[in-house]
Amino acid sequence: MRNLLFSYGVGLLLLTASPFVTEVAHAQVSDGDRAAARELFFDGVKLQQDGKFPDALDRFTRAQRVFSAPTHLLHIAECQVATGQLVEGAETYRTLVRTALPQGSPAAFTQARDQGAAELAQVEPRIPSVKIDVTPQNVANLQVQIDGAAMNTALVGVSRPINPGTHKIAVFAPGYAKQEATVAVKEREAKSVPISLQAQGGVVYAPAPVPPPVTTGEPPPANPPPPTPPGQDATWQTEQKPSQMGLMLGVRLGVMFPTGTLLKQNTVSSTSVGTSDVAMSDVATTGGAGAIEGGLRFARRFYIGIGFEHGFYGKGDKVGDFNGTAGAAGTSSTTVASNLVDLRVALITNPEGVGFYGELGLGYRWLSLSNDFTSGALSASTTQVASGGEFEAGAGIHIRAGKSLRIIPKVSFGLGAFNKLSQTCTASGGAVCNGGDTTTDIQNTGFHTFVFLGLGGYFNIDFDKK
């Protein structure tokens, strides 16, 4: 499949409820502000993908202040965790998971909340803790600071979540000398830090209290409010701008079903079945097939590409009649195969997810019957190839299975007629080739269909993905 070096205080501010943000969410957001928030979100996604998590967190946080959404919270939490702010990130995830979604909210909001719950379960075990034990106990007017920020003294002697890293702890109380300790904690680690205060005479100056954050006339930002009312467009918040162009290279494997007519009666004289039609099933039966394909996706939903397909089939009951070995005394081995080259255009309704895939194309197919015949010292190898154009049509489902992987199960139909029949033959030991090397135009053509039911996997490269 997935930060800013904000201070601990700023991290808390992002998670503290505030009427101001609630008013922003429920107030009408102007088109200009909405467009600016959208660009902030897109910039944040790009920066996050590039590993620039502090800058990405800045973009997502500002977008959240303009337009509150669970999708923003998800990215904020991911960026906080990526910079080691596990405590802040976990709190943002919890805020996201607790967010109530009104009926009719965009599906993207539900997906973001579900993803946040899954990621929170992975982050929580990673958070280390520190327990600060102070002696003597119950000292009056005790003050404890962690990295310069005041800690509630009710938490003395209690394991307290803390971010991984090195932290400076300071403890003050009137009548006692200031005590400091430095502790380094790793992910998943729990540490205890004993602090022993030493009484001393005279006046002891406690540190000045940490001033509240400076405001600019606005109430501080806070816990995100409920998401956008139903009906508002929020699809832009869950993914990047859709790619308009890309390269797709793939392989398809499956089963081939040949049907229809191979040759009409009296079409060629080189076969022994010139007085009746030759059905495709008389020569070739169901077999396997594979194809390699590649092309360009453009205008987001359209695709144009070329493909090469190879099929190999079971032998029909009359394949011996067609290649002239029926009733001959000796040993005969026949293989039936086809090759197709085609050009196709396709429509992909949802290149970024699951959607319909439909294609049309033109191709040219060669169906070959190769026979090796031996009888004592006599041997002959004959290959007959029927060839002609085809109209291609197919339908399936496009599934985005990852950043660069697409899966397309589909069924395709090759509708055409063979208009040429060629034969090549080599003989030895006194054998004589029947008809020699020939190429014959087929005048009275019969129509056939090759049905390819297969599963394709495609490597996708987007040229313009942000």
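Ala82 counts as partly exposed, because its relative accessibility is 40%, a value between the 20% and 50% cut-offs. This is a predicted model. Ala82 sits in helix H5, which covers residues 70-82. Its partner for a distance check is Phe53. The two are 29 residues apart in sequence. In space, their C-alpha atoms are 6.8 Å apart.

Phe53 also takes part in a helix pairing. Phe53 is one of the H4 residues that touch H3.

**Two helix pairs**

The table sets out the geometry of two packed pairs.

| Helix pair | Residues | Angle between axes | Axis distance |
|---|---|---|---|
| H3 and H4 | 31-49 and 53-66 | about 155° | 8 Å |
| H6 and H7 | 86-98 and 107-123 | roughly 145° | within 9 Å |

Take H3 and H4. Their axes pack at about 155°. Angles over 145 count as roughly antiparallel, so H3 and H4 are roughly antiparallel to each other. H3 passes H4 in a left-handed crossing. On the H3 side, the contact is made by Asp33, Ala37, Leu40, Phe41, Asp43, Gly44, Val45, Leu47 and Gln48. On the H4 side, the contact residues are Phe53, Asp55, Ala56, Arg59, Phe60, Arg62, Ala63 and Val66. By type, the contact of H3 with H4 has 10 nonpolar, two polar and five charged residues.

Now H6 and H7. Their axes cross at roughly 145°. The crossing of H6 and H7 is left-handed. H6 brings Leu86, Ala90, Tyr93, Arg94, Leu96 and Val97 to the contact. H7 brings Ala112, Arg113, Gly116, Ala117, Glu119, Leu120 and Val123. The contact of H6 with H7 divides into nine nonpolar residues, one polar and three charged.

**Glu309 in strand E11**

The last site lies in a strand. Glu309 belongs to E11, which runs over residues 302-315. Is Glu309 buried or exposed? Its relative accessibility is 5%. Buried means under 20%, so Glu309 counts as buried.

What does the side chain of Glu309 make a polar contact with? The partner is the side chain of Arg365, at 3.2 Å. Arg365 also appears among the residues that Glu309 touches. Leaving out residues up to four places away in sequence, the others are Arg252, Met256, Gly290, Ala291, Ser338, Asn339, Leu340 and Phe452.

Definitions and conventions:
Residues numbered from 1 in each chain as written. Predicted model: local features only at pLDDT ≥ 70, side-chain atom pairs only at ≥ 80, totals over all residues. Heavy atoms only, no water. Axes fitted to C-alpha atoms, helices over the stretch in contact; angles between N-to-C directions. Helix = DSSP H or I, 4+ residues; strand = E, 2+ residues; numbered from the N terminus. Parallel < 35°, antiparallel > 145°, perpendicular 65-115°, else oblique. Left-handed = near helix turned anticlockwise from the far one by under 90°. Contact = heavy atoms within 4.5 Å. Nonpolar A, V, L, I, M, F, W, Y, C, P; charged D, E, K, R; others polar. Buried < 20%, exposed > 50% of the residue type's maximum accessible area, 1.4 Å probe, protein only. Polar contact = N/O pair within 3.5 Å; in protein donor to acceptor, adjacent residues only side chain to side chain.
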